[in-house]
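Trainee: I have a protein model open and would like to learn how to read its charged and buried side chains. Could you take me through them step by step?

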Amino acid sequence: MQATASAAPLEDEFLYALDLFREARYEQSSRLFQTILDDPDSLEIHGESEYWLFRCYFENNDLTEATEILEDFLIQYPSHKYNTDARYYKGRILFLQEEYENTIHFYSSFLTTFPLSSYGSNSLFWIGESLYYLGRFEEAEEIYNNLLKNYPRSVKVEAARYRLSLIEYCYREEELLKLLQWSHEEFLKSSSEYELKEKEFNQALSVYQEKLIELTKTRELYENRLNLLQLKESLLQLKETLMKDNNGGDQND
């Protein structure tokens, strides 16, 4: 009778601790769950208490303590009603620790072991997220589309659609970068060709200027000057043509 009398208040403590958890008062809730676990007369609710104690630390982002409690729960209560839930959260811890490859393997195994689990769509989503953060966009896209197709009422539907839109943006950004790189290479190529033509023009002009100096010393000064002026006009036209060609190339780039 004495054991029953002492256990009853702890059941109330358990329910109160759950209420605190729902109110996101995790530190207070965890203290009450720990009190229950320390009481040898409350063995019947130790399993649930340890699970919710784990959830308190998980929600409070204390992953080290949460992992330790979770592993103990899985060992001590392999057939508990919260066993599947606990396994699902083990994958969540892997993801939050940025162990993306391990997350993919874990949830793939989880879906195989528990194909009818209510965590099916969520598990699929975290596989997609892991692939996304690894930069494996095509595989992630396939997973998100699978989720939308097979779990149209999942709470992860909107998040999956958002990720798909980001992946499409990444594809467009990649194509734009390729186009910019190609344009830059073409611009450098055109600039190099222009510099070569300009160099050839300047060399030709230098030769003709030297000839002009020589010809001014001859008797045929007037005639030669006239010819050279015509030649200079042709060179100027050639330069204008080169400049137009270069300007046209810039516009095409």
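Mentor: We will go through salt bridges, burial, contacts and a surface patch in turn. This is a predicted model, in which local features need pLDDT of at least 70 and side-chain atom pairs count only at pLDDT 80 or more, while totals for chains, interfaces and linings use all residues. Residues are numbered from 1 along each chain as its sequence is written, and side-chain values use heavy atoms, with hydrogens and water left out.

Trainee: What is a salt bridge, and how many salt bridges does the count come to?

Mentor: A salt bridge is a side-chain nitrogen of Lys or Arg within 4 Å of a carboxyl oxygen of Asp or Glu. By this rule the count comes to nine salt bridges. One of them joins Arg25 to Glu23, with the closest N and O atoms 2.9 Å apart.

Trainee: Which parts of the chain does the salt bridge between Glu48 and Lys81 link?

Mentor: The side chains of Glu48 and Lys81 meet at 3.8 Å, N to O. The pair links distant parts of the chain, 33 residues apart, since Glu48 sits in helix H3 (residues 46-59) and Lys81 in the loop between helix H4 (63-76) and helix H5 (83-96). Helices here are DSSP runs (H or I, at least four residues), numbered from the N terminus.

Trainee: Is Glu48 buried or exposed?

Mentor: Buried means under 20% relative accessible area, exposed over 50%, and partly exposed in between (1.4 Å probe, protein chains only). Glu48 has a relative accessible area of 18%, so it is buried, whereas Lys81, at 58%, counts as exposed.

Trainee: What does the salt bridge between Glu71 and Lys90 tie together?

Mentor: In this pair the closest N and O atoms are 3.4 Å apart. Glu71 lies in helix H4 and Lys90 in helix H5, so the salt bridge ties together parts that are 19 residues apart in sequence. Salt bridges can also share partners, and in this way Glu101, Arg136 and Glu139 are joined into one network.

Trainee: With which residues is Asn122 in contact?

Mentor: Contact means heavy atoms within 4.5 Å. Leaving aside neighbours within four places in sequence, Asn122 touches Tyr88, Ser154, Val155 and Lys156 by this rule. Asn122 belongs to helix H7 (residues 120-133), and its relative accessibility of 14% makes it count as buried.

Notes:
Helices (H or I, at least four residues) and strands (E, at least two) are DSSP runs, numbered from the N terminus.
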